[in-house]
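Colleague: Thanks for making time for this. Please take me closely through one part, the shell around the ligand, and then show me the setting it belongs to.

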Amino acid sequence: MSNQVCLIVGASHAAAQLSTSLRQEGWEDDILVIGDEPYLPYHRPPLSKTFLSGDKTIEELFIRPAAFYQKNNIQFKQGWVTVINRAQQTLTLSDGTKLAYDKLALCLGARVRKASLVGEELTGVHYLRNIADVQGIQPYVAKDKRAVIIGGGYIGLETAAALRKQGMDVVVLEMADRILQRVTAPELSEFYARIHREEGVKIYTGISVTAICGDGHVEKVLCANGVEFAADVVIVGVGVLPNVELAEEAGIEVNNGIIVDEFCRTNDPNIVAAGDCTNHFNKIYDRRMRLESVPNAGEQGKTAAATLCGHSKEYQSLPWFWSDQYDLKLQIAGLSQGYDQVVIRGDRDASRSFAAFYFKEGHLIAADCINRPQEFMLSKKIITEGLMIKPSRLVDESIPVKDLLSGE
Ligand SMILES: Cc1cc2nc3c(=O)[nH]c(=O)nc-3n(C[C@H](O)[C@H](O)[C@H](O)COP(=O)(O)OP(=O)(O)OC[C@H]3O[C@@H](n4cnc5c(N)ncnc54)[C@H](O)[C@@H]3O)c2cc1C
């Protein structure tokens, strides 16, 4: 058979795994990864953590070194793909280059949601999605400089922790009644609000930003209630949108993400998709979803590679996430949406180590584990295998974690 070409668009977590897995699954022909960023695929999570706090260099962010891709004959090209022509099986790049494919993988990821605030164009106002964004923020990071963070989700809070660690004066402004409202229970929001206040971050909730002001450079943030916050730098973290337009314009089915089945197949037999850009079915929760997480990008990358090689590797992973703030390592197993009961193991009010378990109709559906890796592993097992455990048993700290299941 003649040489087959697999093109991968997007060069991040999903693409790094997909290209590697293609070789493992036996793809012997060409693999070319096209991404717009001027780097090999790199770990994005440290951007709001150790990279922002100055504890990691760019080289330390790379998922794999250049030598790995060379050894596996995985090629990279920097460019922006503007058109997919499915009939001709070609891609067009913004500089006019045309590339032909036999198989195509879309790993387009997500981009930041713009807040569209008056004054957003001032220097010193930043979003946070890639290395360039952090490089834009870094010149303003210095002891006693003032940072205002708009948005109290995980990225906003991780950014607050990283900047506070460097002695900055940090304010977080959240429109909802509590931080992390979209993703977690009030118990967790209260806990993180307490920790951030203990660390010296000022958090304001139920507050709406109306404008960012300054003369060329940002000077202050104005809020609807008339309150103003002085700022040397403003960081906006109000969520992301999946990059679907390229696929949509080519007639690939899209609905809050590129629609894929459990084998990461789109409605075109030659095109798969993986990572933040997809909308997929999750068997454990019996519904479609779009996830923004590294583990999901990795698992879908493996599944998509298998599919392209004609193998069958069904995607059926439990969603999981993590967040690092100060000395707190939060690990989240599953999705808590729709829970009807939450119970806590450990002392949430005074300590920095506990687990919150979410139940729905008697079944454990998710767990937020703070500095509790054992509870995290146990929760993953219970949810994935559909095991039953009583809330009263989970909260009983006299029972060691390793024995929690044996009495059930
Ligand atoms: C600051 C920050 C902290 C995070 N922390 C965590 C964490 O702690 N834990 C966790 O699980 N997840 C975390 N995430 C989320 C995680 O990084 C994403 O889930 C992951 O990056 C998704 O990988 P991906 O390959 O699907 O897409 P992305 O990483 O979004 O990469 C897609 C790439 O494709 C490029 N691209 C898109 N369209 C085109 C085109 N037409 N032509 C060429 N290139 C294109 C994009 O520019 C981008 O480089 C964090 C994200 C950020 C920004």
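Modeller: Happy to! One term before we zoom in: the radius of gyration is taken over C-alpha atoms, and the globule rule is 2.2 Å times the number of residues to the power 0.38. For 408 residues that rule gives a radius near 22 Å for a compact globule, and the protein agrees because its own value is 22 Å. The model is a predicted one, in which local features need pLDDT of at least 70 and side-chain atom pairs count only at pLDDT 80 or more, while totals for chains, interfaces and linings use all residues. Residue numbers run from 1 along each chain as its sequence is written.

Now to your shell. The ligand is surrounded by 36 residues, and the closest are Gly10, Ser12, Arg44, Gly109 and Gly275. A residue is near a molecule here if its C-beta atom, placed from the backbone, lies within 6 Å of it. Sorted by class, the shell has 20 nonpolar, ten polar and six charged residues. In that sorting, Ala, Val, Leu, Ile, Met, Phe, Trp, Tyr, Cys and Pro are nonpolar, Asp, Glu, Lys and Arg are charged, and the others, Gly among them, are polar.

At least two shell residues come from each of α1 (13-24), β2 (30-35), α8 (294-308) and β22 (320-325). These names refer to DSSP runs numbered from the N terminus: helices are H or I runs of at least four residues, and strands are E runs of at least two. The protein has ten helices and 26 strands.

Stepping back to the domains, whose bounds come from an automatic or database domain assignment, there are three: domain 1 (5-111 + 240-308), domain 2 (125-236) and domain 3 (327-403). Domain 1 and domain 2 each give at least three residues to the ligand shell. The C-alpha centres of these two domains are 31 Å apart. They also touch, with twelve residues of domain 1 in contact with twelve residues of domain 2; contact means C-beta atoms, placed from the backbone, within 7 Å of each other. On the domain 1 side, six of the touching residues are nonpolar, three polar and three charged.

Two of the shell's suppliers lead us to proline 319, which sits in the loop between α8 and β22. Proline 319 is buried because it has 20 C-beta neighbours inside 10 Å. The cut-offs for other C-beta atoms within 10 Å, all placed from the backbone, are 20 or more for buried, 12 or fewer for exposed, and partly exposed in between. Beyond neighbours within four places in sequence, proline 319 is in contact with Asn282, Leu291, Ser293, Asn296, Gly334 and Leu335. Its C-alpha lies 5.1 Å from that of glycine 334, although the two are 15 residues apart in sequence.

For a contrast, look at asparagine 73 in the loop between α3 (66-71) and β3 (75-78). Asparagine 73 counts as exposed, since 11 other C-beta atoms lie within 10 Å. Its phi is near 50 degrees, a positive value in a residue other than glycine.

Across the whole protein, 42% of the 408 residues are buried. The C-alpha trace spans about 65 × 65 × 35 Å along its principal axes.

Technical notes. Two residues are in contact if their C-beta atoms, placed from the backbone, lie within 7 Å.
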